[in-house]
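Reader: I should like a close look at one part of this structure, the place where its chains meet. Please treat that part in detail and then place it beside some of the local architecture.

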Number of protein chains: 2
Amino acid sequence: MGSQQKDVGILAVDIYFPRTCVDQEALEAHDGASKGKYTIGLGQDCMAFCTELEDVISMSLTVVTSLLKKYGVDPRLIGRLEVGSETVIDKSKSIKTWLMQIFEELGNTDIEGVDSTNACYGGTAALFNCVNWVESSSWDGRYGLVVCTDSAVYAEGPARPTGGAAAIAMLIGPNAPIAFESKLRGTHMAHVYDFYKPNLASEYPVVDGKLSQTCYLMALDSCYRRFCSKFEKLEGKQFSISDTAYFAFHSPYNKLVQKSFARLYFNDFLRNASSVGKDAMEKLEPFSSLSSDESYQNRDLEKVSQLVAKSLYDTKVQPSTLLPKQVGNMYTASLYAAFVSILHGKPSALRGKRVVMFSYGSGLSSTMFSFRLQDGQHPFSLSNIACVLNVSEKLDSRHIFSPEKFVETMKLMEHRYGAKDFVTCSDKSLLAPGTFYLTKVDSMYRRYYAQKVVDTDKCRTAVSHENGSLLNGH
Amino acid sequence: MGSQQKDVGILAVDIYFPRTCVDQEALEAHDGASKGKYTIGLGQDCMAFCTELEDVISMSLTVVTSLLKKYGVDPRLIGRLEVGSETVIDKSKSIKTWLMQIFEELGNTDIEGVDSTNACYGGTAALFNCVNWVESSSWDGRYGLVVCTDSAVYAEGPARPTGGAAAIAMLIGPNAPIAFESKLRGTHMAHVYDFYKPNLASEYPVVDGKLSQTCYLMALDSCYRRFCSKFEKLEGKQFSISDTAYFAFHSPYNKLVQKSFARLYFNDFLRNASSVGKDAMEKLEPFSSLSSDESYQNRDLEKVSQLVAKSLYDTKVQPSTLLPKQVGNMYTASLYAAFVSILHGKPSALRGKRVVMFSYGSGLSSTMFSFRLQDGQHPFSLSNIACVLNVSEKLDSRHIFSPEKFVETMKLMEHRYGAKDFVTCSDKSLLAPGTFYLTKVDSMYRRYYAQKVVDTDKCRTAVSHENGSLLNGH
């Protein structure tokens with residue numbers, strides 16, 4: 001029999017992204033691209049990347065350790081841990097098993113969950129799974145923990161500036177300040193080859209950029225229709241953009257987010273022209289008879305709808321764009337980095353507000369869903385979450401690499417992908433205290449990690465292996 | 001708020017394995033291994049494998065299409081579909097998205113779920129996720145569908161005879177004839193390198209056979225302790241082997257299943273010596289003071305415990321060993337192939353019986369859980385499930401390849417793994433009607449599948465693309 005948990009959702013969040021990054025304006029100049037191609041054309045400011053010291057495993061170890069410590073959660077209280085990622089280091093062994101090291105040393109090996117995979121959607125799948133577990137009859141009263149971790153890298157060429165890297169950890173349980181509205185969920189899944197990774201020896205994807213953008217917008221339309229239809233069944237009235245305070249979109253690059261919001265605005269206009277106001281109605285009218293297919297390709301519609309949606313974009317979407325613009329595409333973590341950008345801004349003003357989320361993973365999987373925000377009880381309160389996230393300080397303490405040094409790092413990483421029998425460099429100066437890093441990969445491909453010593457004046461450590469290698473399980 | 005669904009579990013099952021197989025006795029002779037090394041040492045009879053026409057995607061398409069048709073389930077009634085697999089064809093695009101083709105043509109794209117990954121445990125993770133969904137507040141009243149699909153292949157050497165291939169589909173919902181006892185669940189997860197796939201360009205794993213066996217038995221002990229402790233809390237009495245009619249184990253090779261059951265028997269003895277009977281008690285007494293570590297390595301204990309457990313093995317375990325011995329290691333599908341072997345035997349005698357399941361995936365993840373069996377309502381009844389599975393006919397209609405032809409096929413498959421721009425052979429004569437097969441992979445790595453024409457005298461087809469290529473989504 002199912003249990004009756006109330007307000008199941010996200011109790012706590014932390015984010016980690018590498019301090020190493022490259023400025024998009026400098027990169028577009030270095031690449032010989034036209035001025036503004038990356039900064040305005042893509043809408044991106046900066047891009048984080050992993051050096052040879054970091055990878056999706058080390059970032060996950062860092063963010064999980066940090067979350068447990070900062071919210072004072074005993075690792076023995078975690079009953080489920082799952083990971084969403086599309087960055088494959090091993091095709092069989094889940095990233096989750098590497099994270100078990102944090103829990104094993106305290107004797108907690110009773111932790112369900114593995115890795116979920118479908119491009120950038122894996123984190124959303126993991127989140128849904130974890131929430132369902134808390135609502136299921138097999139829930140044992142402990143917390144769930146969801147980790148989204150990815151390193152997005154592209155071969156030299158037009159897609160390269162759409163990279164990024166980050167890991168996010170979310171603690172799941174009932175009575176959450178960030179509660180799921182579980183009946184509002186619109187899903188669209190299909191078989192397409194818009195972005196995929198069939199070249200197993202390479203970290204780089206095969207991308208059809210134009211197809212991927214169209215697939216994204218078609219999926220958005222389909223999810224929005226289903227989301228609206230469920231809202232209407234539940235609330236007995238039509239849903240429109242005005243029914244939510246914020247939107248957070250999966251963000252491969254900011255320009256697509258601008259287009260997406262304009263697309264939702266156009267959807268509202270098509271369903272109920274009067275909902276968008278007289279001026280917008282007149283401007284959009286010429287496009288009302290376009291077929292669905294035509295509308296995805298129509299540049300005038302794209303421009304006009306972005307223009308008329310601009311002021312609503314500024315209030316409802318812009319607050320979510322900080323981290324995706326500064327850190328880049330974080331794949332599974334991207335949507336949740338957009339969401340925490342909203343929290344970072346003004347937690348006190350968020351009480352009672354709805355946030356509509358759109359998750360997209362190529363291939364393709366997509367869902368639109370929503371959260372209802374409430375204050376919550378310390379340490380699981382919106383204000384404490386914003387404090388722990390500490391987004392401004394994390395952004396300010398980054399190290400901007402020259403494009404040349406970025407390209408050089410990418411070359412080394414290409415060489416290292418899938419490799420064995422190497423030791424990483426000894427200079428850890430750019431890592432923040434508490435950061436986990438890769439020390440070596442042995443001749444059997446076994447990976448060894450250590451943690452940079454935590455500044456003990458500032459905080460206590462929850463794990464005991466400072467500057468020592470973690471066990472390697474054999 | 002969580003819903004209150006009763007007896008959530010498996011409503012329907014189907015299994016598919018390639019008709020192509022090799023005889024283990026012939027293989028051990030061909031390999032120059034000592035007589036009985038594969039058949040008695042490993043306990044295996046036969047091994048299925050994919051030729052260039054089949055892979056984990058085609059096997060999934062085959063088994064899902066077959067299940068929907070044979071149980072008369074409208075594809076529009078599926079609300080969740082998830083896949084467990086450790087056979088990576090694409091590192092980003094989930095196998096689930098390929099399966100969406102079956103549903104898209106009927107307009108159903110509203111299907112949650114992606115792929116779950118951790119070695120042989122991914123199918124269990126997918127199953128738990130799907131059951132939790134039915135019990136969650138986001139359940140929309142439709143069926144869940146879980147697919148376990150894998151092709152287990154090894155480099156030439158001692159591990160090669162432990163391969164296999166299969167796909168299993170399970171329909172999930174309330175009021176199931178195979179219902180979860182959701183409060184009885186013992187999980188053990190840890191970070192180990194017993195079996196993993198870090199060589200991304202190769203389909204073959206890195207295996208430490210001895211470590212993997214010890215990890216398996218340690219995980220079994222840990223899960224059994226937790227399972228027993230939950231049973232005792234719930235039922236107020238000690239659990240022992242006698243409290244279940246059957247056991248099904250993840251089965252890399254049958255010998256390990258024999259050892260595993262003996263290990264549980266030894267556990268029962270250690271917890272309550274009198275529970276095993278006087279003769280066994282006397283025989284096991286000399287080992288009672290061994291440390292846990294010593295007990296995993298003690299050959300005498302292994303022999304003696306197998307001997308004293310033999311008669312119980314024959315009643316409680318042997319019925320589950322048919323398919324794992326005949327088809328080989330099916331990775332994520334292995335445990336569920338063991339389970340359906342029990343159903344196949346004598347469905348009418350199973351009413352009210354408990355089956356204890358042990359799922360293990362290297363790396364490692366493991367859970368012991370249990371089902372309670374009841375008749376069920378047609379078409380979701382134990383007897384109809386046994387009829388649909390049609391195990392005997394499937395086994396009888398196989399084509400036994402010579403070891404030479406098997407080795408030759410493996411060589412071609414090595415070459416084909418991760419490759420692009422090729423067409424498969426045109427001879428489909430060995431495929432059963434209704435089987436999906438790979439026709440080609442184009443220069444962009446896009447994969448094309450077709451279905452061998454279904455014998456329309458025997459059954460109706462649920463999908464309409466007989467002998468035609470499926471759409472490729474763009």
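How much area is buried between chain B and chain A, and what percentage of that area do carbon and sulfur atoms give?

Author: The model is a predicted one, and the values below are computed from it. The area buried between chain B and chain A is about 6,900 Å². Carbon and sulfur atoms give 51% of that area. Three residues may be singled out on the side of chain B: B:Lys91, B:His191 and B:Tyr193 supply 12% of the area that this chain buries against chain A, more than any other three residues.

In terms of contacts, 81 residues of chain B touch 81 residues of chain A. The two chains are related by a rotation of 180° with 0.0 Å of shift along its axis, which superposes chain B on chain A with an RMSD of 0.0 Å. Such a relation is that of a two-fold axis. The same surface serves both copies, for 100% of the contact residues of chain B recur in chain A.

Charged side chains also take part in the interface. Between chain B and chain A the count is two salt bridges. In a salt bridge between A:Glu112 and B:Arg185, the side chains meet with an N to O distance of 3.0 Å.

Away from the interface itself, helix α15 of chain B merits attention. It covers residues 403-416, and its 14 residues should span 20 Å at 1.5 Å a residue; the end C-alpha atoms are 20 Å apart, so the expected and modelled spans agree. The buried residues of α15(B) are B:Pro403, B:Phe406, B:Val407, B:Thr409, B:Met410, B:Met413 and B:Arg416. The elements of chain B that cover these buried residues include the strands β2 (20-23), β3 (46-48), β14 (399-401) and β15 (422-423), together with helix α1 (24-30). After α15(B) comes B:Gly418, which has a positive phi, near 75°.

In chain A, a sheet may be described in similar detail. This open sheet has three strands in the order β15-β16-β17, and the pairing is antiparallel. Its edge strands are β15 (422-423) and β17 (447-451) of chain A, each of which pairs on one side only. Strand β16 (residues 436-441) of chain A is joined to β17(A) by five bridges, and these two strands run antiparallel. Opposite A:Leu438 stands A:Tyr449, in β17(A).

Conventions: Residues are numbered from 1 along each chain as its sequence is written. Chains are lettered from A and ligands numbered from 1 in the order in which they are written. This is a predicted model: local features need pLDDT of at least 70, side-chain atom pairs count only at pLDDT 80 or more; totals for chains, interfaces and linings use all residues. Side-chain values use heavy atoms; hydrogens and water are left out. Copies are superposed by least squares on the C-alpha atoms of residues with pLDDT of at least 70 in both. Contact means heavy atoms within 4.5 Å. Helices (H or I, at least four residues) and strands (E, at least two) are DSSP runs, numbered from the N terminus. The expected span of a helix is 1.5 Å times one less than its number of residues. Buried means under 20% relative accessible area, exposed over 50%, partly exposed in between (1.4 Å probe, protein chains only). Two strands pair if DSSP finds at least two bridges between them. Buried area is the accessible area (1.4 Å probe) that two parts lose on being put together, summed over both. A salt bridge is a side-chain nitrogen of Lys or Arg within 4 Å of a carboxyl oxygen of Asp or Glu.
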